[in-house]
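I opened this notebook to keep track of what I looked up, entry by entry, beginning with the cysteines and going on to a sheet, a helix and some aromatic rings.

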Amino acid sequence: MADEERNTKKAKNRPSCLGYPVSIFFIVVNEFCERFSYYGMKAVLVLYFKYFIGWDNDLSTTIYHTFVALCYLTPILGAIIADSWLGKFKTIVYLSIVYTIGQVIMAISAIHDITDTNRDGTPDNMTFHTAMSMLGLILIALGTGGIKPCVAAFGGDQFEEHQEKQRSTFFSIFYLSINAGSLLSTLITPILRAQECGIYSKQSCFPLAFGVPAALMVVALIVFIAGHNMYIMESPKGNILLQVMKCIGFAIRNRFNHRSKQHPKREHWMDWAEEKYDKLLIAQVKMVLKVLFLYIPLPMFWALFDQQGSRWTLQATTMDGNFGAFIIQPDQMQIVNPILIVIMVPIMDSAVYPLIKKCGLNFTPLRRMTVGMLLASLAFVAAALLQIQIDRTVPNFPSSSQTQVKFLNLENTPVPVVVEGQEPFVVPGFNSSNNYMTLDTENVTVSAGGRNATAYFQKESRHTVLINADRMLQTLNDITEKPNQGMNAIRFVNGFRSHLNFSVKSDHLGPIAPLQASDYFSVTHGKASFTIENEEGQTCHYILQLGFGSSYTVLIPNTFTFGESCTENIKAIQDINPNDIHMAWQVIQYFLMTCGEVVFSVTGLDFSYSQAPSNMKSVLQAGWLLTVAVGNIIVLIVAEAGSLPEQWAEYVLFACLLVAVSIIFAVMAYFYTYMDPAEIEAKFMELEPDDKKRKELEMMTKDNLAYVNNETSNNTDVKQTKI
């Protein structure tokens with residue numbers, strides 16, 4: 001009672017602005033910064049696993065979805081802590097500290113210079129970085145999941161009963177802050193990641209991409225604590241979720257203990273809890289279970305939806321992100337989803353739904369959700385079709401039992417070549433090459449211009465054989481995969497008669513001897529300017545226009561001369577084609593998925609709220625979040641256990657699974673009867689006093705019977721007892 005009086009007195013003295021408590025400003029800013037922190041870190045996470053840690057696509061996807069699943073499992077823990085122990089304010093503060101520590105650890109784990117003792121740009125102790133990142137992700141999952149069910153509810157607590165209109169507006173602003181944080185972070189953090197940073201060597205700047213979200217989380221914590229004296233903080237009143245679980249548990253135990261046929265059946269299995277719990281609570285639990293039963297098929301939708309941040313982002317790394325006026329990073333494509341949400345929600349509410357209603361169609365919430373699931377499956381069909389087109393542009397690299405070879409003629413005259421087991425061919429002069437040929441043997445006899453030699457080619461590799469004026473053969477090892485992160489792999493072959501130095505920007509490749517080649521080095525897209533310098537200090541600047549994910553061998557011919565026309569005879573031979581499919585094609589699948597999300601998720605939340613008892617809306621919210629967690633678990637199971645050889649086949653598999661699940665859900669929805677929780681609760685509220693009197697009478701009768709039995713056992717002369 002004292003706490004309530006203190007809170008009431010405090011509420012009267014709180015500052016307000018335009019009828020709104022000033023305290024909500026701190027909560028909205030806190031939510032914006034927290035969502036920026038979470039979505040910013042999450043946007044680059046799968047690329048961090050692949051390019052920094054060095055995991056393959058499947059393992060990167062698995063760990064990513066394990067993390068997301070954990071983020072949606074921990075809200076249950078946060079709700080229990082807040083309602084039963086610490087209260088919302090302390091829960092948010094304490095778990096935000098855990099959250100901040102996790103973000104800082106993630107930023108530290110991405111600093112490659114910590115263990116890069118030889119300063120070659122690659123960490124020497126990857127175990128340290130992996131362990132640090134896993135610890136950071138666990139803390140982040142505990143933090144973001146734990147505060148998820150608390151912040152919005154805490155904001156609602158700041159309003160008094162007469163401020164219902166302001167409370168409704170607050171939740172709209174609160175939702176806007178979530179989308180604003182998501183939108184900006186998905187735009188900004190990929191740009192930060194694409195920068196190069198480092199103490200000894202420059203690499204993709206993951207520390208900055210994780211560091212900025214960590215800084216925003218620090219700001220979120222400081223801002224939230226700063227409003228401490230203005231908040232209304234209600235004491236924990238007990239967790240309804242625990243009460244529901246106890247009621248269900250008692251009903252199950254009681255039914256098991258009375259499973260013999262001598263006990264009459266009851267209308268519903270939850271009625272076995274009547275011996276201990278009120279009929280009102282049992283009726284409320286029945287309503288919750290009825291909705292939760294409909295939740296069973298829903299995780300499959302989230303299994304597809306959350307792959308926007310994993311599989312679809314990895315797909316974007318194999319595409320062309322040049323939009324002319326600007327360049328889109330692969331992880332920035334996720335921004336299409338929040339942009340389309342802002343556009344689609346008002347369109348659906350103000351145009352599509354009224355039009356459907358005008359056409360006389362009964363587009364019920366459950367039918368909307370079914371359509372949303374089908375739209376998500378269509379999005380994955382679009383992703384599969386796009387993946388097929390991408391796969392056609394990727395070179396056919398050699399298998400584990402094959403090797404691929406091509407010949408590069410450094411002279412001006414054509415050279416006939418005979419490879420054992422292959423048709424003879426001619427390599428044209430003037431620094432030309434043939435296409436790769438695939439061989440099934442390691443040792444092969446090669447004849448170039450009539451001169452025979454035995455060449456050794458390693459399995460599962462690519463090679464370029466240089467043919468010089470003396471018909472001598474020299475073998476170079478080529479790369480056997482697309483360059484990562486949309487970079488381009490470039491190397492120089494010196495066909496000139498003296499040593500040459502090559503450099504790009506501030507990187508110097510050192511002197512390359514005649515008829516020798518440099519190692520591959522990575523260059524970003526756009527115009528790449530290279531400097532060629534001889535021992536006398538003469539220079540030549542060569543510019544090569546690069547796309548995304550290509551590989552080139554730049555040949556300096558024996559006819560090369562320094563001067564104004566020095567670049568005329570330089571030839572860039574394309575070993576791997578650049579990414580030919582434009583990233584804009586992904587907008588189709590993002591559009592379908594966002595339409596599915598708007599129809600499915602927004603409708604599902606509204607349906608759950610309308611069908612939930614007044615005091616159990618948080619229980620259904622926890623159940624809704626649990627479907628997201630289970631959906632991500634489905635993804636990691638398929639990614640690890642499925643092991644489909646082609647990515648497009650996995651997309652088709654997910655699409656088929658969701659279609660099958662949507663059919664099951666449609667059948668379940670057909671037999672579902674919509675409820676009015678308020679009407680049901682009112683009916684049981686009228687019966688509750690009589691129910692309590694009946695239970696009190698039953699308890700008194702049990703106590704009297706126990707007393708009589710006790711007296712009878714102590715007095716053997718008593719033959720009969722009257723009550």
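Which cysteine forms a disulfide with cysteine 540, and how far apart are their sulfur atoms? I found that cysteine 540 is bonded to cysteine 566, with the two sulfur atoms 1.9 Å apart; a disulfide here is a pair of cysteine sulfur atoms within 2.5 Å.

Before going on I noted that this is a predicted model, in which local features need pLDDT of at least 70 and side-chain atom pairs count only at pLDDT 80 or more, while totals for chains, interfaces and linings use all residues. I also noted that residues are numbered from 1 along each chain as its sequence is written, and that side-chain values use heavy atoms, with hydrogens and water left out.

**Cysteines.** The link of cysteine 540 and cysteine 566 is right-handed, with 85° about the S-S bond. It ties distant parts of the chain, 26 residues apart: cysteine 540 lies in strand 19 (residues 539-546), and cysteine 566 in the loop between strand 20 (551-556) and strand 21 (571-576). For these elements I relied on DSSP runs numbered from the N terminus, helices being H or I with at least four residues and strands E with at least two. Cysteine 540 counts as buried at 1% relative accessibility, and cysteine 566 does at 6%; buried means under 20% relative accessible area, exposed over 50%, and partly exposed in between, with a 1.4 Å probe and protein chains only.

The structure holds two disulfides, and the other one that I looked up joins cysteine 197 to cysteine 205, with 2.0 Å from S to S. This link is right-handed too, with 105° about the S-S bond. I then asked why cysteine 150 has no bond to cysteine 71. The sulfur of cysteine 71 is the closest cysteine sulfur to that of cysteine 150, but at 15 Å it is too far for a bond.

**Sheet.** Strands 7, 6, 9 and 10 form an open sheet in the order 7-6-9-10, with antiparallel pairing; two strands pair if DSSP finds at least two bridges between them. Strand 7 (425-427) and strand 10 (451-456) are the edge strands, each pairing on one side only. Strand 6 (residues 415-419) is joined to strand 7 by three bridges, and three bridges also pair strand 6 with strand 9 (residues 443-448). I followed valine 417 across the sheet: its bridge partner in strand 7 is phenylalanine 425, and in strand 9 it stands opposite alanine 448. Along strand 6, Val415, Val417 and Val419 point to one face and are buried, whereas Pro416 and Val418 point to the other and are not.

**Helix 2.** Is helix 2 (residues 23-43) enclosed or open? I found 17 of its 21 residues buried, so the helix is largely enclosed by the rest of the structure.

**Rings.** Phenylalanine 607 and tyrosine 672 form an edge-to-face pair, 5.6 Å centre to centre with 65° between the planes; rings of Phe, Tyr and Trp (its six-membered ring) pair if their centres lie within 6.5 Å, and planes under 30 degrees apart count as stacked, over 60 as edge-to-face and the rest as tilted. Both residues, phenylalanine 607 and tyrosine 672, are buried. Elsewhere I noted one aromatic cluster formed by Tyr48, Phe49, Phe52, Trp55, Phe206 and Phe210.
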